[in-house]
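Dear colleague,

I am passing on the structure we spoke about, and I would be grateful if you could look it over before reading my notes. The sequence and the coordinates come directly below.

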Amino acid sequence: MSSPCPDCSRILRLVLAGALLTCSLAAEPALARQLRVCADPNNLPFSNARQEGFENRIAELLARELKATLHYTWWAQRRGFIRNTLKAGSCDLVMAVPAGFEMVDTTSPYYRSTYVFVHRKDSPYRVRSFNDPILRSAKVGVHLMGDDYANTPPAHALSRRHIIDNVVGFPIYGDYSQPNPPARILDALAEGRIDVAIVWGPLAGFFARKEPVPLAMAPVSPALDQAFLPMEFDIAMGVRHGEKAFKAELEAVLKRRHDDIQKILGAYGVPQVASADRQEAER
């Protein structure tokens with residue numbers, strides 16, 4: 001008697017093979033999305049390896065919004081940082097770069113800050129302008145970058161006015177074996193070793209609260225000392241050039257969570273000034 005289904009054995013084998021393949025595919029775990037960030041492990045108030053900086057907190061917010069796991073590659077933020085991190089493919093995002101920074105593609109800005117004059121509240125050195133005569137006699141602390149004429153804007157503004165002999169330089173990179181190396185300039189101010197410090201606002205705003213004596217700060221003036229020497233900057237996030245879809249995702253989150261980001265910045269004492277567009281509109 002012939003079988004009613006002569007190919008049943010072959011069909012059964014195919015069905016079983018298909019079922020096994022389906023099970024195998026179903027068992028393969030979906031690849032979880034990662035938000036890969038490059039950051040400095042020793043640079044409060046921005047970031048540190050314990051993830052205590054405000055850029056750490058904003059990165060956490062981004063990761064939640066993107067439904068991604070946050071992953072860090074740590075690298076000291078000094079010369080070569082972008083080349084050795086984002087451009088080397090170690091990450092997909094750096095959190096804080098000046099808007100328009102040519103080495104990366106920058107998102108829309110998420111805050112704008114300024115250099116500030118800082119003084120002890122019990123001192124008479126209430127400087128508001130680089131043209132204040134007090135700067136010629138007070139002991140002035142300023143961050144310096146190196147010996148190749150690439151320096152911080154306040155250092156250039158002082159030297160342009162020939163204010164040199166009474167200036168105390170603090171390396172912006174500092175002693176990296178110590179916590180938060182750029183903060184030493186504020187320690188010196190609190191201890192009375194300098195009378196006035198000129199410091200990037202987010203750094204000053206955070207550490208002024210932590211010094212043992214009350215410190216006060218005010219935005220420097222003029223905000224644009226020369227055409228090429230701004231003292232205020234829009235701060236954005238940086239991705240690799242050409243990654244337009246990822247950049248658009250980030251910008252959507254920055255817009256959607258604007259108020260929450262502002263709360264984070266406020267909690268860290270980041271002084272903010274109006275954006276360049278807003279300043280232009282108000283003129």
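What follows is a description of the strand pairings, the disulfide and one helix residue.

Please keep in mind throughout that this is a predicted model.

I begin with strand β10, which covers residues 196-200 and has five of its five residues buried, so that it is largely enclosed by the rest of the structure. On one side of the pairing list stands strand β7 (residues 111-120), which pairs with β10 in the antiparallel sense over five bridges, and here Val116 stands opposite Val199 in β10. Strand β8 (residues 140-144) also pairs with β10, but in the parallel sense and over three bridges, with Val140 standing opposite Val196 in β10.

A second group of pairings involves strand β5, residues 93-98, which pairs in the parallel sense with strand β1 (residues 34-39) over two bridges; within this pairing, the bridge partner of Val37 is Leu93 in β5. Strand β5 is also joined by three bridges to strand β12 (residues 232-239), and these two strands run antiparallel, the bridge partner of Val94 being Gly238 in β12.

The disulfide belongs beside this second group. A search of the whole structure finds one disulfide, and it joins Cys38 to Cys91 with an S to S distance of 2.1 Å. The link of Cys38 and Cys91 is left-handed, with -115° about the S-S bond. Because Cys38 lies in strand β1 whereas Cys91 lies in the loop between α3 (81-84) and β5, the pair ties together parts that are 53 residues apart in sequence. Both cysteines, Cys38 and Cys91, are buried.

Finally, I turned to Ile261, which is found in helix α8, residues 258-267. Is Ile261 buried or exposed? Its relative accessibility is 1%, and because buried means under 20%, Ile261 counts as buried. If one leaves aside the neighbours within four places in sequence, Ile261 is in contact with Ile58, Leu61, Tyr110 and Leu254. The C-alpha atoms of Ile261 and Glu55 are separated by 9.7 Å, although these two residues are 206 residues apart along the chain.

If you would like to go through any of these points together, please let me know.

With best regards

How values were computed
Residues numbered from 1 in each chain as written. Predicted model: local features only at pLDDT ≥ 70, side-chain atom pairs only at ≥ 80, totals over all residues. Heavy atoms only, no water. Helix = DSSP H or I, 4+ residues; strand = E, 2+ residues; numbered from the N terminus. Buried < 20%, exposed > 50% of the residue type's maximum accessible area, 1.4 Å probe, protein only. Contact = heavy atoms within 4.5 Å. Pairing = 2+ DSSP bridges. Disulfide = S-S within 2.5 Å.
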